[in-house]
Amino acid sequence: MQETNHWIVRKNQRGISKRMIELTLENGRDVGDEIILDRKQVNLEIEKRELEIRHLKKMRDKGGVVVVHKGRFLITTYNYTGSIN
């Protein structure tokens, strides 16, 4: 999408960062000519990311996780020990 001068002035006046815009475009809902990321959706995104962070911290404590697959079949999984065959 191309930025207009009006867009640049308004986003700067309103303190809306580039990342806020990216998050809105990625997670918002289309309503006509608008993409809306409201407070309820923001809270859901926060909860989702907090859950992901908890899982990532557990994975870090394990040293990482390995998933073994053959094509589309999941074969096994284990904690990463620092060496891969």
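Which residues make the nonpolar surface patch of about 480 Å²? In this predicted model, the legends below take up that patch and then three further close-up views.

**View 1. The nonpolar surface patch.** L56, M59, V65, V67 and L74 together make a nonpolar patch of about 480 Å² on the surface. Two or more of the patch residues come from each of the elements α3 (39-61) and β3 (65-70), and V67 is a residue of strand β3.

**View 2. Salt bridges of R19 in and around helix α2.** The closest N and O atoms of the salt bridge between E22 and R19 are 3.2 Å apart, and these two residues, both in helix α2, are three residues apart, about one turn of the helix. R19 also takes part in a salt bridge with E26, for which the closest N and O atoms are 3.4 Å apart. E22 is partly exposed, with a relative accessible area of 30%, and R19 is likewise partly exposed, at 41%.

**View 3. The salt bridge between K48 and E45 in helix α3.** K48 and E45 form a salt bridge in which the closest N and O atoms are 3.3 Å apart, and because they are three residues apart in helix α3, about one helical turn separates them. K48 is partly exposed at 40% relative accessibility, whereas E45, at 15%, counts as buried. Elsewhere, salt bridges that share partners join R19, E22 and E26 into one network, and the structure holds five salt bridges.

**View 4. The surroundings of L23.** L23, which lies in helix α2 (residues 18-27), counts as partly exposed because its relative accessibility is 25%. Leaving aside neighbours within four places in sequence, L23 is in contact with G28, L37 and R49, while the C-alpha atoms of L23 and K48, 25 residues apart in sequence, are 14 Å apart in space.

Methods: Residues numbered from 1 in each chain as written. Predicted model: local features only at pLDDT ≥ 70, side-chain atom pairs only at ≥ 80, totals over all residues. Heavy atoms only, no water. Patch = residues over 30% accessible without salt bridge, like charges linked within 9 Å, V, L, I, M, F, W, Y side chains within 5 Å. Areas by Shrake-Rupley, 256 points an atom, 1.4 Å probe, with all protein chains shown as cover. Salt bridge = Lys/Arg side-chain N within 4 Å of Asp/Glu carboxyl O. Helix = DSSP H or I, 4+ residues; strand = E, 2+ residues; numbered from the N terminus. Buried < 20%, exposed > 50% of the residue type's maximum accessible area, 1.4 Å probe, protein only. Contact = heavy atoms within 4.5 Å.
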